[in-house]
Amino acid sequence: MTTTVSTEAGGRTVRKDAPGAARGNSRRTGRLRRAGLPYFLLLPALILELLVHLVPMVIGIVMSFKELTQFYIRDWSTAPWSGLDNYSVSVDFDAPVGEALLHSFLVTVAFTLLSVGLCWLIGTAAAICMQDTFRGRGLLRALFLVPYALPVYAAVITWVFMFQHDNGLVNHVLHDQLHLTDKPSFWLIGDNSFYALLTVSVWKGWPFAFLIVMAGLQNIPRELYEAAALDGAGVWKQIRHITLPSLSAVNQVLVLVLFLWTFNDFNTPYVLFGRTAPEAADLISVHIYQASFVTWNFGTGSAMSVLLLLFLLLVTGVYLAVTSRGRRTSRV
C-alpha cells in the first residue's frame, strides 16, 4: 500500500511507502534471512564434503576409462584412453580377472547377509533384555558398547592374536579346555578364515545395532505392554505384535546402514589377513585394493570400484522404494 503526496511548488508528485508496507517488507526480508541462515551455515560442510568425496569420485570414474598402470603413475592424466575395456575385462566372468571378481562378489554377499543378520538379531535381543530395570543395567549397557567404541585396528589386532594357531585363546578354549576339536585349527588361512572374519565383524558391529534399537525402544509407550499383559499376551506375543512393528522404521534405516558399512568394510579384513586375503575371505573391498595396488592396474581397479558403486546405488534405491511402499501400504 502506498500514499501519494503532491507538492504545489515543484508540480511534482512524490510517492512514499506507507509505514505498514515498510514493516511488511522488513518482515519478508527477515524471513528470507532466517530461512537462508541454515543453508549458509551448512555451506562450509557441504563444500568440504564435495572436496573430500565428490572430487575423488570423479577422478576415479575418469581413471576407469584409462589404461592406467605403473608406467603412468607419475602423471596419470597422460595415460591413454581405453574406453570400456576395463569394464569389459571386469565383467568377463569366463576370464581370470572377471572370474576372481565374481567369486569375491559372492563371498562378500554371503558375508554381508550373515553379518548384518547376526548383528541385528543380537543387538535387538540385547536391547529388549536391557529394557527392564535391574541392578547393574547401566554397567552392562556400557560393556556392550565397548566393541563399538574401540578403535578398529586395536580391536582387530587383538583378534589376530586370539586366532593364532599355537598360542591363541580361541584354540586354547575350543581344543584344550572344551575339547571340541581334534586338533588346533588354522583360523587365518583356509576355509576357516571366513568364519574368523564373520566373528570379528559381528563382534564389533552388533553394539551399533544394540544402540540404535535401544534408542528406538524408548519411543514405545509402556502402556501398550501393560495393556497386552492384561489381555494375556506373553513376552513373545508382545515382541511380535508391539515391539517389532513399532521398530519397523528404525530397523529399515539400521539394516541399510549395516549393509553399506559391511559390504564396503576394508579395515577389518585388511588388518586381520594383511594385503592378501585368503580365498574364502576375499571381500570385494580387499580384492579391488589388490587389483589396484598389488598388480598396479589402476584402470581396472577403478572400473571395479565404479561397478561396486553402481551396485550399491541400485540396491539402496530398490531397498528404499520397497520400504517406502511398505510404509504407505501399512498406513492405508
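Which residues in α11 are buried? Before selecting them, bear in mind that the model on screen is predicted.

**Start with helix α11.** Select residues 248–263, which make up helix α11. Its 16 residues should span 22 Å at 1.5 Å a residue, and since the C-alpha atoms at its two ends are 22 Å apart in the model, the expectation and the coordinates agree. Now show the side chains of N251, Q252, L254, L256, L258, F259, T262 and F263, which are the buried residues in α11.

**Move on to the largest nonpolar core.** Keep L258 displayed and add F163, L197, F210, L272 and F273, because these six, out of the 42 residues in the largest nonpolar core, touch the most other members. To see where this core draws its residues from, colour α3 (96–129), α6 (152–162), α8, α9 (222–230), α11 and α12 (267–273), the elements that give two or more residues to it. Of these, α8 provides the largest share of the core, with 13 residues. In soluble globular proteins, nonpolar side chains tend to be buried together. Apart from this core lies another one, of nine residues, and selecting L101, A291, M304 and L312 will show some of its members.

**Centre the view on F210.** F210 is buried, with a relative accessible area of 0%. Leaving aside residues up to four places away in sequence, F210 touches G123, A126, A127, M130, R141, F144 and L145.

**Follow the aromatic rings.** The structure holds 21 aromatic pairs. One of them joins F144 and F210, whose ring centres are 5.4 Å apart and whose planes stand at 90°, so the pair is edge-to-face. This pair links distant parts of the chain, as F144 belongs to helix α4 (residues 137–144) and F210 to helix α8 (residues 192–217), with their positions 66 residues apart in the numbering.

Next, select F266 and Y270, an aromatic pair that is stacked, with 5.0 Å from centre to centre and 25° between the planes. F266 is partly exposed, at a relative accessible area of 25%, and Y270 likewise counts as partly exposed, at 27% relative accessibility. Extend the selection to Y289, F293, W296 and F298, since ring pairs link these residues with F266 and Y270 into a cluster.

**Finish at W81.** Which residue lies over the face of W81? Select K66 together with W81 and turn the view to look onto the ring: K66 lies over its face, at 4.5 Å from the ring centre.

Note on methods. Residues are numbered from 1 along each chain as its sequence is written. This is a predicted model: local features need pLDDT of at least 70, side-chain atom pairs count only at pLDDT 80 or more; totals for chains, interfaces and linings use all residues. Side-chain values use heavy atoms; hydrogens and water are left out. Rings of Phe, Tyr and Trp (its six-membered ring) pair if their centres lie within 6.5 Å; planes under 30 degrees apart count as stacked, over 60 as edge-to-face and the rest as tilted. Helices (H or I, at least four residues) and strands (E, at least two) are DSSP runs, numbered from the N terminus. Buried means under 20% relative accessible area, exposed over 50%, partly exposed in between (1.4 Å probe, protein chains only). A charge sits over a ring if NZ of Lys or CZ of Arg is within 6 Å of the ring centre and within 35 degrees of the ring normal. The expected span of a helix is 1.5 Å times one less than its number of residues. A nonpolar core is a set of buried Ala, Val, Leu, Ile, Met, Phe, Trp, Tyr and Cys residues joined through side-chain atoms within 4.5 Å. Contact means heavy atoms within 4.5 Å.
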